[in-house]
Amino acid sequence: MEGKTISLSFLFLSLFAIYVSSTSLQYQTLLLHSLPLTQLQSLDFDAQLLSGDGSDLDPDNTLSLQLHHVDLVSPSSFNATPHALFKLRLQRDAYRAKVISDLAAANATVGRRAGKPHAGGRDFSSSVFSGLSQGSGEYFTRIGVGTPPKYVYMVLDTGSDVVWIQCSPCKKCYTQSDPIFDPRKSSSFLGVACGSPLCRRLDSASCNRKKCLYQVSYGDGSFTVGDFSTETLTFRGTRVNNVALGCGHDNEGLFVGAAGLLGLGRGRLSFPIQAGRRFGRKFSYCLVDRSASSRPSYLVFGESAVSRTAVFTPLVNNPKLDTFYYVELTGISVGGARVPAIRPSLFKLDAAGDGGVIVDSGTSVTRLTRPAYVALRDAFRMGAKDLKRAPDFSLFDTCFDLSGKTEVKVPTVVMHFRGADVSLPASNYLIPVDSDGTFCFAFAGTMSGLSIIGNIQQQGFRVVFDLAGSRLGFAPRGCA
């Protein structure tokens, strides 16, 4: 069977080569920006950078982000090079991808042009930042927690449901950029009673003195444990009351910098499901290019989240797993030509809930089932045969030495979803991995049946989650 698979792959690649030799491939220009030579410093945004009216700021304007994590990065990592931080990011990303694949395989449930929203109505927003300078491949949003609101950075995660934040007193807390949230100083904090309907929504709940306790565990060994509660969240001045969240007193593992996590998944405890009636069950985000911009973009809730320039694909329901946003990927083109070996059957979600394709803001690198990845990689290599190859880097097996160049021509890459063709900018698939001019093809293969569209490929698009219309959209150049 293995020999047959190899023969079929060779046949498809040969057909693609014949097509390439008889037609002109489509190329686009990639402007080259390597990772900076200087060491990455803490993020330090002023009021005007964070938001035009300063509403994202905590009262003291103390926004310097520390660059270490007690369980993962040593104090010497404060001065880590961009190269080292990028490797760390990929290691953490690999953990996350494995967790998602394991969950899917087990069918388990885990716990106008859009920009700044128009004033009034049900729309509201918060700023979005890259976590690269903390060695994180994730993106952070800044929101207020409690009354009066204490502004903190939270991981923006469409692959998780439970909203949680570190709370004092800490049994064990990792280092975060903002002061630890103290629920005793919030007039809106309210514990959830054990046995209540809200407590019973948790996948893993227990009781202590009639208080509901939560626990969220991740496949890399990270976990958060504490009191399940309700609290007020504030998005650039807009208050959302009675949001169920975990107040974590014991938080350990591969967490970096942020105070907690804003769960944006499809499960019943996620923020969009809890508060969806308030904003019409529509939200969107745009993830800035982490290597080229330090300016934030926006996470938007409400009608203004839906961009007029977006192309939409239907959301696919997985009755076995309600957290993730599944979509139907039908193929991929390289240089304007469909790659023959990348067939819709490689991405099929079966009746048992296995396979399929999800869009995830918390995974960096897009992972495709191994046969699809190999076909995509080989087609790209063929189209980029004039570029000088470089050694593999981490999980990337297709890298190029582009030192001394300011721009190069690379084959176009288009992802074909049902009803929507998404043409990727060159910087979304050929990315810098060091300060010496090494760039790598930013896709990877997986032996799992589940494919994941990661945040590198989402950069610069406004990604629209229209739960009311059961569709997901992509709008290019959506971060303005």
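Trainee: In which order do the strands stand in the four-stranded open sheet that contains β26?
Mentor: This is a predicted model: local features need pLDDT (the predictor's confidence in each residue, from 0 to 100) of at least 70, side-chain atom pairs count only at pLDDT 80 or more, and totals for chains, interfaces and linings use all residues. Residues are numbered from 1 along each chain as its sequence is written, and side-chain values use heavy atoms, with hydrogens and water left out. Strands are DSSP runs (E, at least two residues) numbered from the N terminus, and two of them pair if DSSP finds at least two bridges between them. Pairing here is antiparallel, and the order is β20-β21-β26-β25.

Trainee: Which strands are at the edges of that sheet?
Mentor: An edge strand here pairs on one side only. That applies to two strands, β20 (389-390) and β25 (430-432).

Trainee: Which residue of β26 stands opposite P432?
Mentor: β25 and β26 (residues 438-441) run antiparallel, joined by three bridges. P432 faces a residue in β26, namely F439.

Trainee: At what angle does α6 run to β26?
Mentor: Helices are DSSP runs of H or I, at least four residues, numbered from the N terminus. α6 lies across β20, β21 (399-401), β25 and β26. Axes are lines fitted to C-alpha atoms, for helices over the stretch in contact, and angles run from 0 to 180 degrees between N-to-C directions. On that scale α6 runs to β26 at about 135 degrees.

Trainee: Why is one side of β17 and of β24 left without a neighbour in the sheet?
Mentor: These strands belong to an open sheet in the order β17-β16-β23-β24, with antiparallel pairing. β17 (337-338) and β24 (420-424) stand at the edges, so one side of each lacks a neighbour because each has a single partner strand.

Trainee: Which residue in β23 is the bridge partner of G331?
Mentor: Five bridges join β16 (residues 329-334) to β23 (residues 413-417), and the two run antiparallel. Within β23, the partner of G331 is H416.

Trainee: Which residues touch the most other members of the largest nonpolar core?
Mentor: A nonpolar core is a set of buried Ala, Val, Leu, Ile, Met, Phe, Trp, Tyr and Cys residues joined through side-chain atoms within 4.5 Å. Buried means under 20% relative accessible area, exposed over 50%, and partly exposed in between (1.4 Å probe, protein chains only). The largest core has 77 residues, and the most connected are L262 and F271.

Trainee: Which helix gives that core its largest share?
Mentor: The largest share is six residues. They come from residues 370-383, helix α6.

Trainee: How many residues make up the second core?
Mentor: This core is separate and includes C199, C212, F228 and A258. Its size is 20 residues.

Trainee: Is Y285 buried or exposed?
Mentor: Y285 is in strand β12 (residues 282-286). Contact means heavy atoms within 4.5 Å, and beyond four places in sequence Y285 touches ten side or backbone neighbours' positions such as L156, Y298 and F461. Its relative accessibility is 0%, so Y285 counts as buried.

Trainee: How far apart in space are Y285 and G478?
Mentor: In sequence they are 193 residues apart. C-alpha to C-alpha, the separation in space is 8.5 Å.

Trainee: Which residue does the cis bond from T147 lead to?
Mentor: Omega is about 0 degrees at this bond. The residue lies in the loop between β3 (139-145) and β4 (150-157). The partner of T147 is P148.

Trainee: Which residue forms a cis peptide bond with S168?
Mentor: Omega is near 0 degrees here too. The residue sits in the loop between β5 (164-166) and β6 (190-191). The bond runs from S168 to P169.

Trainee: Is R236 buried or exposed?
Mentor: R236 is not a glycine, yet its phi is positive, about 50 degrees. Its place is the loop between β9 (223-235) and β10 (238-252). At 17% relative accessibility, R236 counts as buried.

Trainee: How many contacts beyond four places in sequence does the model have for residues 38-79?
Mentor: pLDDT stays under 50 over this stretch. Where pLDDT is low, the predicted coordinates should not be read in detail. The model's count for residues 38-79 is 94.
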